[in-house]
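The numbered points below are offered as a colleague's note for a reader who has not yet worked with this structure. Please read them alongside the sequence and the model.

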Amino acid sequence: MITASETMTGQAAAISKQRPRRRLVSPGLLAALPVIVFLCVAFAAPLLTVLGYSFMPEKTFELTQAPTLENYLAIFSNSYYISFGKSLGLALVTVALLLVISWPIAYGMAKLFGRAANFLTLAIIIPLFVSENIRLFGWVLFLIKGGVMLGGLKAWLGIDGESMLYEVPAIVLGLVYVYLPFALFPMVLGVSMVPREVTEAAFDMGATRWQVFREVELPLAMPGMLTGSIIGMAQALGETAPLLLIGMVAFIVDVPDGFFDSATVLPVQVFLWAGSPELAFIERASAAIMVLLTFLIGMNALAIWLRKRLERRW
């Protein structure tokens with residue numbers, strides 16, 4: 001006679017045979033393997049190479065020497081730290097202006113404009129199909145001495161003004177112009193996530209417009225605002241095109257003299273060092289790249305933490 005325990009054992013064995021064998025590697029990982037290999041070769045390997053060169057002595061141009069911190073010490077002990085401070089200052093000013101300019105446009109596109117927001121979206125996106133350098137050259141023609149703005153003022157009003165090129169305001173203008181779409185559209189998404197019923201309820205309870213903005217709209221739209229801030233900070237901190245086209249008088253190779261020097265930004269220093277025929281600057285350029293990248297990762301981590309901390313759900 002077959003006992004109940006034997007029957008249960010036979011059933012368990014049959015079920016175990018019917019179960020499919022567990023794969024050691026998931027199909028999703030196998031499908032993503034080519035992309036992972038490409039990212040490792042195209043991104044991780046060059047970055048690790050730059051990291052290795054940043055710890056090598058100057059004028060060696062090889063990775064077999066004893067690691068040293070002299071390249072990082074040279075950046076922070078000499079006045080190159082002014083370049084880093086200028087880069088940070090320009091990035092923060094750019095992000096602040098992007099937030100101030102993008103908020104009313106984003107609010108209108110999400111809440112007020114209706115179908116007209118589609119045409120405004122196209123008007124903002126279409127210039128992105130044109131090269132960034134060409135668009136910046138348009139600002140050069142607009143701001144240069146005798147250009148569209150100053151030439152028109154002199155011809156029509158007799159006002160002879162000085163060119164705004166190669167000054168800090170021109171640099172900030174170029175950065176804001178280039179990265180406005182990248183900060184605007186995440187903010188539009190953030191504003192659109194604010195429920196209309198919540199704002200109407202706040203008004204019905206007697207809240208002023210400022211109170212509704214401060215207590216309801218701003219906290220609920222904060223994720224989109226911080227996303228735009230992350231993108232703007234990442235782009236502005238390492239940007240060189242607006243600096244080279246409308247912010248620099250000429251290429252400089254000397255140590256910066258002061259914080260308000262229009263060319264004292266760390267990305268430009270990296271551009272000059274990396275393009276120098278002297279091998280002595282390869283290691284220092286690598287160290288400067290790692291300083292910018294480390295600070296950028298830290299700022300992004302702070303923005304993500306603030307986004308999670310300040311996010312509200314209804």
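1. In this predicted model, Trp-103, Tyr-107, Trp-210 and Phe-213 are linked by ring pairs into a cluster. The structure as a whole holds six aromatic pairs. One of them is formed by Trp-103 and Tyr-107, whose ring centres lie 6.3 Å apart, with 35° between the planes, so the pair counts as tilted. Both residues belong to helix 4, which spans residues 81–112, and they are separated by four residues, about one turn of that helix. Trp-103 has a relative accessibility of 15% and therefore counts as buried, the cut-off for that class being under 20%.

2. A further aromatic pair joins Tyr-179 and Phe-182, and this pair is likewise described as tilted, at 6.1 Å centre to centre and 50° between the planes. Helix 8 (residues 168–192) holds both partners, placed three residues apart, about one turn of the helix. How exposed or buried is each partner? Tyr-179 is buried, since its relative accessible area is 3%. Phe-182, at 36% relative accessibility, counts as partly exposed, because that class lies between the limits of 20% and 50%.

3. Glu-217 deserves separate mention. This residue is placed in helix 10, and its relative accessibility of 4% makes it buried. Which residue's side chain does the side chain of Glu-217 join in a polar contact of 3.2 Å? The partner is Tyr-107, a residue that also belongs to the aromatic cluster of point 1. With residues up to four places away in sequence set aside, Glu-217 touches Trp-103, Tyr-107, Val-194, Thr-199, Arg-209 and Val-212. Two members of the aromatic cluster, Trp-103 and Tyr-107, are thus found among the residues that Glu-217 touches.

4. Ala-236 also lies in helix 10, which runs over residues 209–237. Ala-236 counts as buried because its relative accessibility is 6%. Apart from neighbours within four places in sequence, Ala-236 is in contact with Ala-91, Thr-94 and Tyr-179. Tyr-179 is the buried member of the pair in point 2, and its place in helix 8 gives Ala-236 a contact with that helix. Leu-175 stands 61 residues from Ala-236 in sequence, yet the C-alpha to C-alpha separation of the two is 6.5 Å.

5. The second largest pocket encloses about 230 Å³ of space. Its lining is made up of 12 residues, and those nearest the centre are Gly-238, Val-270, Ile-289, Leu-292 and Leu-293. Which helices each supply at least two residues of this lining? They are helix 10, helix 12 (266–274) and helix 13 (280–310). Helix 13 provides the largest share, namely four residues. In terms of residue class, the lining comprises 10 nonpolar and two polar residues, and no charged residues.

6. A final remark concerns Leu-302, which is found in helix 13. Its relative accessibility of 42% places Leu-302 in the partly exposed class. Leu-302 and Leu-226 are separated by 76 residues in sequence, and their C-alpha atoms lie 10.0 Å apart in space.

Definitions and conventions:
Residues numbered from 1 in each chain as written. Predicted model: local features only at pLDDT ≥ 70, side-chain atom pairs only at ≥ 80, totals over all residues. Heavy atoms only, no water. Buried < 20%, exposed > 50% of the residue type's maximum accessible area, 1.4 Å probe, protein only. Contact = heavy atoms within 4.5 Å. Phe/Tyr/Trp six-rings, centres within 6.5 Å; stacked < 30°, edge-to-face > 60°. 1 Å grid on protein atoms, 1.4 Å probe; cavity = no way out; pocket = protein on both sides within 12 Å on 5 of 7 lines; lining within 4 Å. Points joined across faces, edges and corners; volume = space filled by probe spheres on them. Nonpolar A, V, L, I, M, F, W, Y, C, P; charged D, E, K, R; others polar. Polar contact = N/O pair within 3.5 Å; in protein donor to acceptor, adjacent residues only side chain to side chain.
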